[in-house]
Amino acid sequence: VGSSTFGSEIPFRTQFEDYVAKGSMPGAMKAPVPRVMILVNGGKISLKSLVEAIRTGCPLVVCQGTGRIADVICSILDVTKDRSCTADSDSGSELSVGQDAEFTLLLKAAVEDFMPKETLTQEDVSKCHEIVTSGKVEIYSVNDRLEDVILRAVLGNNRSISSPISSPSTGVWQQLALAVQWGCKDYYDALGRRLIQDKGGHEHGGPAEAIRLIFQELVAFGWRNTLREERDEKSRGGRR
């Protein structure tokens, strides 16, 4: 209790979220659950939460324009994004901020702009570096549709949408179901093709199995919504 313990819950919370996301809850379906961490504003303690999240495979959505550490991260990523657009597409997915001197200059300028009254320790600097080079950060800005950015974070990146399935944290049918539920139409075709590729072979049940998985997810989603609506209606009736 008290300000001195602020942030001490992070290790437990991270482990609990990772446990639930892996589909390990007793009595629940043994299937991975998509998850994402959303950062709005934030300070030095938030760095610990972000690092703990990415180390367990959780992607991040950072809200640009909300100030402090969120804008520090976005500022650095904006520089590397502009550079990656002109780089050779075969050079790999690592962000080119590995040079200590260059990263330090980018971080110093961003902190002066967005956190002028705060000083980062060397540990904080290391955490910032780990975050921006993780490849697990998506930026949300005011002109974006939040559902699209979250789904992009869950899927990883555009290359992962069109590439063959390796060992995704969630099934491609779950990813397609999320896209449909959230109205992210740009992903329908690519994810549908991936699903057919992954489950369309006769050894996996053929196209019929792919279609069954889609309907299984969407029907379950509709059923959960119906139950939620019925519960809400009963709750409203009890308050009258």
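This is a short walk through one protein chain, from its overall layout to its cores, its surface and its salt bridges.

Good morning, everyone. Keep in mind that what you see is a predicted model.

Let me start with the layout. The chain holds 10 helices and 3 strands. Reading from the N terminus, the order is α-β-α-β-α-α-α-β-α-α-α-α-α. There are 240 residues, and 33% of them are buried. Now the contacts. Take those with a separation of 6 or more: 62% of them join residues 24 or more positions apart. The accessible surface is about 14,400 Å². Carbon and sulfur atoms supply 55% of that surface.

Next, the inside. In soluble globular proteins, nonpolar side chains tend to be buried together. Here the largest nonpolar core has 30 residues. Which residues have the most contacts inside it? They are Leu60, Ile69, Val72, Ile73, Leu107 and Ile131.

Who builds this core? Three strands give two or more residues each: strand 1 (37-39), strand 2 (60-63) and strand 3 (137-140). Helices do so too: helix 2 (44-55), helix 3 (68-86), helix 4 (100-114) and helix 5 (122-132). Helix 3 gives the largest share, with 7 residues.

Look at Ile69 for a moment. Leave out residues up to four places away in sequence. Ile69 then touches Leu39, Asn41, Gly42, Gly43, Ser46 and Leu47, among others. Met115 and Cys128 are also on its contact list.

A second core lies apart from this one. That core has 15 residues, including Leu176, Ala179, Cys184 and Leu195. Leu176 also gives us a distance to Asp189. The two are 13 residues apart in sequence, and their C-alpha atoms are 9.3 Å apart. Asp189 sits in helix 9, residues 188-199. Is Asp189 buried, partly exposed or exposed? Its relative accessible area is 48%, so Asp189 is partly exposed.

One more stop on the inside: helix 6, residues 146-155. Its buried residues are Val149, Ile150, Leu151, Ala153, Val154 and Leu155. Just after helix 6 comes Gly156, with a positive phi of about 110°.

On to the surface. Ile38, Val40 and Leu146 make a nonpolar surface patch of about 240 Å². Val40 is in the loop between strand 1 and helix 2. Val40 counts as exposed because its relative accessibility is 53%.

Stay in that loop. Asn41 lies there too, between strand 1 and helix 2. Most residues other than glycine have a negative phi. Asn41 has a positive one, near 60°. At 23% relative accessibility, Asn41 is partly exposed. Recall that Asn41 is also one of the residues Ile69 touches.

Where is the other residue to check for phi? Arg68 lies in helix 3. Arg68 is not a glycine, yet its phi is positive, about 50°. Its relative accessibility is 30%, so Arg68 counts as partly exposed.

Last topic: charges. Side chains of opposite charge can pair when their charged atoms come close. The whole structure has 7 salt bridges. I will show a few.

First slide: Lys127 and Glu123. Their closest N and O atoms are 3.5 Å apart. Why does this pair line up along the helix? An α-helix has 3.6 residues a turn, so residues three or four places apart point the same way. Lys127 and Glu123 are 4 residues apart in helix 5, so about one helical turn separates them. Lys127 counts as buried, at 16% relative accessibility. Glu123 is exposed, at 52%.

Next slide: Arg145. Arg145 forms a salt bridge with Glu147, where the closest N and O atoms are 3.9 Å apart. Arg145 also forms one with Asp148, at 3.2 Å. Arg145, Glu147 and Asp148 are thus linked in a network of salt bridges. How exposed are they? Arg145 has a relative accessible area of 34% and is partly exposed. Glu147 is partly exposed as well, at 34%. Asp148 is partly exposed, at 23%.

To wrap up: a 30-residue nonpolar core, another of 15 residues apart from it, and 7 salt bridges in the whole structure. Thank you.

How values were computed: Residues numbered from 1 in each chain as written. Predicted model: local features only at pLDDT ≥ 70, side-chain atom pairs only at ≥ 80, totals over all residues. Heavy atoms only, no water. Core = buried A, V, L, I, M, F, W, Y, C linked by side-chain atoms within 4.5 Å. Buried < 20%, exposed > 50% of the residue type's maximum accessible area, 1.4 Å probe, protein only. Contact = heavy atoms within 4.5 Å. Patch = residues over 30% accessible without salt bridge, like charges linked within 9 Å, V, L, I, M, F, W, Y side chains within 5 Å. Areas by Shrake-Rupley, 256 points an atom, 1.4 Å probe, with all protein chains shown as cover. Salt bridge = Lys/Arg side-chain N within 4 Å of Asp/Glu carboxyl O.
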